[in-house]
Amino acid sequence: MIRLNHVYKNYGTATDSLSDINLSIARGEFVFITGPSGAGKTTLLKLLFMAERATKGQILINDVNIGTLKARKIPHLRRAIGIVFQDFKLLNSITVLDNVSFPLEVLGLSRRDIKKRVMRVLKFVGLTEKSNYYPLELSGGEQQRVAIARAVVNEPPILLADEPTGNLDSELTLDIIRLLDYIHKKGATVIMATHNKDIVERFHKRLVSLDHGRIL
Amino acid sequence: MFTTRVFYFIRKTFSNIRAYPLVNILSVTTISIALFVFFAYLLLYVNLSGLLVNLGEEVQINIYLADFLSEQATEELKKDILKIKEVEDASYISKEDALKYLDEIFSGQDDVLKGLSKNPLPASFNVKLKKRFTTPEDVALVAKKIDRMNGVEDVVYAREWLSKFYKVVEIVKVVGIVIGAVLSLAVIAIIAITIKLTLLAKKGEIEIMKLVGGTNLFIKVPMILEGMIQGLFGSIISMGALFFIYRYFMEHYYKDFGLFFGALEINFFEPYIIIYCTLLGAFLGLLGSIISFGRMLKT
Ligand SMILES: Nc1ncnc2c1ncn2[C@@H]1O[C@H](COP(=O)(O)OP(=O)(O)O)[C@@H](O)[C@H]1O
Ligand SMILES: [Mg+2]
């Protein structure tokens, strides 16, 4: 489903942020990408949803070489990928409900269907009561769960999560991982970046370790 | 699907406005001020050219009649003059009327006229032209036609004054349009810059929407509509303000000015101009936001 062949990423600095990455992830896999801060985890995910372009090498998603994708097609690729950003990237001027609705509005669903699905997902992440709050009225952990709800609401085949437990205490961390695991069990390919060793040890999943931009 | 989209865009436009009340208030205020200057200028221009048109209607031709003309011949002549298609009206001024008029002018210097044994003034027709025919060429043509008629001694009109007047009208027209064009460019620029500022405030949000799968069009349309609504509100507010200032002026100051300018009338815009101006505001807002979006959304 996802293939990286000899991928390099250089931001114009002296060292490559990613170098010679070769990686193949099958449909329905759950993969942890680990490594210390600055290892290149976020960069790797950014290449997949095309927030950045690879300096060298080839990235295939569903057999499509995304390097040759027209700008016009990028939104369509992104709709097939749910993304939980390290810094959430919620729209602070609109409510939780509207934030989570956005990926469905893009798809042109009716208002009623949107509301139904969004409330279901909010229930799933335990935020039913907060649906009319604005993101900045929520705690870090709650915002993180809104970000997850938005990432999964349109049931994308691929879910990318960048440190989705970075702001959570250990209790909530487990909840979130179980959530991702549930989405995985329903058929999604999940790639989660984390520097949290406990999580990796606790959940036995495929592991890709990065350091200084290289796969160990 | 299509109507879902349209409703979405409309809803989204208004929720965008609600989400950024301060930015929108600032934007509408700026647009109102810019449009106010433009509308005020337009009001001045419309009234000034109205005044000039009124002055143009004053164009008159005086036809002095031969002394020997009988009453019946005078009637015939009047009919002939009225047959000329450019002529609106011809009023007869008898010798006696002319003398009375002169008398009024020279009142206090009675002896000037007393000395005259018989009335030296000719009878005349005062011919007015139709509104459509008041160029110097029209007037000259009519004068020539009448000059050829029997019983006409002399045809007099303000040839010099008329052509000067038309030069003034031409200049006012050209200058007015140039100033108007410059002003509207300024208004477009101000609106574009203002809307650009509101867009910059949303740059982060636009980025996010793109990252979660929003297409350019999907993000753009509500924001462009937002600019249009800002323009619409701006023009309604500025038109309203102009109207109240106009009313205030007419009630409190017009009397003094009125004396100064003679019978000069100052009118507010016709209703259809008000509607056009309001729509123009919306159009400028639309144009401004399309311009200020520019390449902003190109990935
Ligand atoms: N936009 C950028 N410009 C320059 N350097 C960057 C940029 N983003 C990341 N980097 C560098 O790339 C390396 C990898 O960063 P990142 O992918 O964020 O690591 P991680 O997510 O594993 O902490 C770091 O050395 C970081 O400084
Ligand atoms: Mg990171």
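A residue counts as exposed if 12 or fewer other C-beta atoms lie within 10 Å of its own, and as buried if there are 20 or more. Keep that in mind as you look over this predicted model, where we will visit a ligand, an interface between two chains, and one helix.

**Around ligand 1**
- The shell around ligand 1 includes a run of neighbours you can trace in the sequence: S37(A), G38(A), A39(A), G40(A), K41(A), T42(A) and T43(A).
- Y11(A), T13(A), S17(A) and G35(A) also belong to the surroundings of ligand 1.
- By class, this shell holds eight polar residues, two nonpolar ones and one charged one.

**Where chains A and B meet**
- Contacts link 18 residues of chain A with 17 residues of chain B.
- On the chain A side, helices α2 (74–79) and α3 (96–107) each supply at least two of the touching residues.
- That side of chain A is made up of 10 nonpolar, five charged and three polar residues.

**A closer look at helix α8 of chain B**
- Which residues of helix α8 (residues 203–211) of chain B are buried? They are E205(B), I206(B), I208(B) and M209(B).
- These four lie on the same side of α8(B) because they cover an arc of only 160° around the axis.
- An α-helix has 3.6 residues a turn, so residues three or four places apart point the same way.
- K203(B) and E207(B) are exposed on the other side of α8(B).
- The cover over the buried residues of α8(B) includes α3 of chain A and α9 (216–252) of chain B.
- Just after α8(B), you can find G213(B) with a positive phi of about 100°.

Notes: Residues numbered from 1 in each chain as written. Chains lettered and ligands numbered in written order. Predicted model: local features only at pLDDT ≥ 70, side-chain atom pairs only at ≥ 80, totals over all residues. Near = placed C-beta within 6 Å. Nonpolar A, V, L, I, M, F, W, Y, C, P; charged D, E, K, R; others polar. Contact = placed C-beta atoms within 7 Å. Arc of directions from axis to C-beta.
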